[in-house]
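Student: I've got a structure here and I'd like to know what the labels on it rest on. Can we go through them one by one?

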Amino acid sequence: MFSCFLHVLSFNLLIHGPISISLTSPMLKLKKVIPGDSLPDTSQRATQLAAFFTHSSYTLLVTPTALYNPQQNDVAIGKAVGIHPDYIKLDFGHAVKGVLLAQAFLNCTKRNKPKINTGDFLLCRILRVGDVVFASCCEEGLGVLEGGWIFETDALLVKTLFIKKNILNDIGREYKYKIALGLNGMMWIDGKNAMVVKNVRDEIHKRVKSLCGQ
């Protein structure tokens, strides 16, 4: 079995990329939108041709671009690249930089702040986007990813895993592992040894490629 941090599934998501999705699942419904159409559960309108996949607790918008464009409520994995008394500078890749306030952690106080070092990877919630991306770790399961291995992979692969969660469940029948997924295309995997982690990573890549017909 496996443990997986999928906090992101309780929020609306804006997901980019040409992902192959089975439309036979009763959990997903397809709605096509064209420029000018209203987007479900938002006040925004579509700016290009896209497909919506809706679930009782989240919405996915799949568009033709593979670049990561941070959205409010995304869960992403950032690397600490600068430590300051009041904030931490994060690098989310894809030329996306972020700021995490030093006290933006669950149960954090001025006297009880987690020790963050340059080079640490953190699972974060994107709170606000703009010229500066603001992140937070004020939720159970968010924060420093200790142990394990970080993999920078195709953002579309990670987004596929959010949609087809059975892939991770199936791998969990063969290996005991933990995984955290960042919509910026980063994965953290932990297992009892390096071989388990490598096998899980390879299985993920193989099954996603098979799903997408590659």
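Tutor: Sure, surface first: the accessible surface of the protein comes to about 11,300 Å², and 52% of that belongs to carbon and sulfur atoms. Such areas come from the Shrake-Rupley method with a 1.4 Å probe, and for residues only the protein chains shown count as cover. Keep in mind that this is a predicted model, where local features need pLDDT of at least 70 and side-chain atom pairs count only at pLDDT 80 or more, while totals for chains, interfaces and linings use all residues. Residues are numbered from 1 along each chain as its sequence is written, and side-chain values use heavy atoms, with hydrogens and water left out.

Student: What makes a residue count as buried, and what share of the protein does?

Tutor: Buried means under 20% relative accessible area, exposed means over 50%, and partly exposed is in between (1.4 Å probe, protein chains only). Of the 214 residues, 44% count as buried.

Student: Why is Thr 153 called buried or exposed, whichever it is?

Tutor: Its relative accessible area is 18%, which is under the 20% limit, so Thr 153 is buried. Thr 153 sits in the loop between strand S11 (149–152) and helix H1 (155–163). Helices (H or I, at least four residues) and strands (E, at least two) are DSSP runs, numbered from the N terminus; the protein has 3 helices and 13 strands.

Student: Which residues is Thr 153 in contact with, leaving aside its neighbours within four places in sequence?

Tutor: Those are Val 158, Gly 185, Met 187 and His 205, where contact means heavy atoms within 4.5 Å.

Student: What makes Lys 97 and Asp 91 a salt bridge?

Tutor: The rule asks for a side-chain nitrogen of Lys or Arg within 4 Å of a carboxyl oxygen of Asp or Glu. In this pair the closest N and O atoms are 3.3 Å apart, so the rule is met. Lys 97 has 52% relative accessibility and so counts as exposed, whereas Asp 91, at 24%, counts as partly exposed. By this rule the count comes to 8 salt bridges.

Student: How do you know that Lys 198 and Asp 202 are separated by about one helical turn?

Tutor: Because they are 4 residues apart in helix H3 (residues 194–211). Their closest N and O atoms are 2.9 Å apart, so this pair is a salt bridge too. Lys 198 is partly exposed at 39%, and Asp 202 is partly exposed at 30%.

Student: What about Lys 206 and Glu 203: what is the distance between their closest N and O atoms?

Tutor: It's 3.0 Å, so they form a salt bridge. They are 3 residues apart in helix H3, which means about one helical turn between them. At 14% relative accessibility, Glu 203 counts as buried. Salt bridges that share partners join Glu 174, Glu 203, Lys 206 and Arg 207 into one network.

Student: How many disulfides are there, and what is the rule?

Tutor: The count comes to 0, a disulfide being a pair of cysteine sulfur atoms within 2.5 Å. Cys 137 is in none: the nearest cysteine sulfur, that of Cys 124, is 3.8 Å away. At 1% relative accessibility, Cys 137 counts as buried.

Student: And why is Cys 138 left without a bond?

Tutor: Its sulfur is 7.4 Å from the closest cysteine sulfur, in Cys 137, and that's too far. Cys 138 is partly exposed, with a relative accessible area of 38%.
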